[in-house]
Amino acid sequence: MVVKQPAVSVYSSYLALDELLSVQRPNTDEHDEMLFVVVHQTHELWFKQLLHEFAGLQRSLAAGDAARALRLLHRSVAILRVAIFQIGVLETMGPSQFSGFRDHLGGSGFQSAQFRELEAVLGARNRQAFQRYPEDSEERRRIEAAMTRPPLFDSLLGYLAAQGYPVPEERLRRDVSLPAEPSARVQDALVLVYRDDGVPAQICERLLELDQSVQEWRYRHVNMVQRIIGDKTGTGGSTGAAYLRTTLFTPAFPDLWAVRNAL
């Protein structure tokens, strides 16, 4: 006979709550350090989920499953909105509260390997992103591997080509380990997609919304850093807000933005 465990025990073990709730380990007794740890750990969980959703999205586009692709894009944007909102929670901590434990931190968000992997999936091809990690580390392997796989926009172009749109053949066969350059011929194909105003156009719009949400997250993040530490050097050794400002207003999918000029 199978004896069922009490529901609360099943819930706790399924979510590994004993482990999950034991990994918040502030380095000081400062009250606000717990908030810093929880918000950053939560961001890492959302980054993990986004990587999971993006992988599913690329499989859906390869299979021509537009309905599932749209659903996963909608979810990914919703996750980013939550991540943006969480920055506001961290902003409830003032500069004096942060300075109380800043010198005792073990690192910063600048060192997030998952975020570097997300950037690679979105199309970034910056070798310095993984060279900061030890050669034999799992973090470096994952980022480097992501930079050798087709990014999201290439998956979109493959889907559009399969739908009969005139995506340039050389663009479909490009070396995906290199950054993609905006293409007038790709934009010509996208104009046709938008003029047809069908499901492929909806997917393009949701990808643009995803790009916009990533840019909004970056903007809120740099404002939060500026608000808490000003222009001081970042905890992870970066130039802090000054470095983060260089990442603003750089779209992941420039062709989707450029095509607006032709519609």
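**Two valines and a helix pair**

Valine 38 comes out as partly exposed, at 35% relative accessibility. That's my way in today, everyone, and please keep in mind that what you see above is a predicted model.

So where does valine 38 sit? Its place is in helix α3, and that helix covers residues 33-63. Valine 37 is in α3 as well.

Now, is valine 37 buried or exposed? Its relative accessible area is 15%, and because the cut-off for buried is under 20%, valine 37 counts as buried. Valine 38, at 35%, lies between that cut-off and the 50% above which a residue is called exposed, so it is partly exposed.

What does valine 37 touch, once residues up to four places away in sequence are set aside? The contacts are Gln24 and Arg25.

There is also a record to mention. The unreviewed UniProt entry lists both valines under "binding site". Along with Val37 and Val38, that list holds Phe36, Val39, His40, Arg102 and Thr235.

Let's move on to the helix pair. For two packed helices, the description comes from the angle between the axes and the distance between them. Here the partner of α3 is helix α4, residues 66-90, and the two axes come within 9 Å, crossing at roughly 165°. Angles over 145 degrees count as roughly antiparallel, so that is how α3 runs relative to α4. The crossing of α3 and α4 is left-handed.

And which residues make up that contact? They divide into 18 nonpolar, eight polar and three charged.

Thanks for listening, and I'm happy to chat afterwards!

Note on methods:
Residues are numbered from 1 along each chain as its sequence is written. This is a predicted model: local features need pLDDT of at least 70, side-chain atom pairs count only at pLDDT 80 or more; totals for chains, interfaces and linings use all residues. Side-chain values use heavy atoms; hydrogens and water are left out. UniProt positions are given in the numbering used here, feature names are shortened, and annotations may be inferred rather than shown by experiment. Helices (H or I, at least four residues) and strands (E, at least two) are DSSP runs, numbered from the N terminus. Buried means under 20% relative accessible area, exposed over 50%, partly exposed in between (1.4 Å probe, protein chains only). Contact means heavy atoms within 4.5 Å. Axes are lines fitted to C-alpha atoms, for helices over the stretch in contact, and angles run from 0 to 180 degrees between N-to-C directions. Angles under 35 degrees count as roughly parallel, over 145 as roughly antiparallel, 65 to 115 as roughly perpendicular and the rest as oblique. A crossing is left-handed if the near helix is turned anticlockwise from the far one by less than a right angle, and right-handed if clockwise. Ala, Val, Leu, Ile, Met, Phe, Trp, Tyr, Cys and Pro count as nonpolar, Asp, Glu, Lys and Arg as charged, and the others, Gly among them, as polar.
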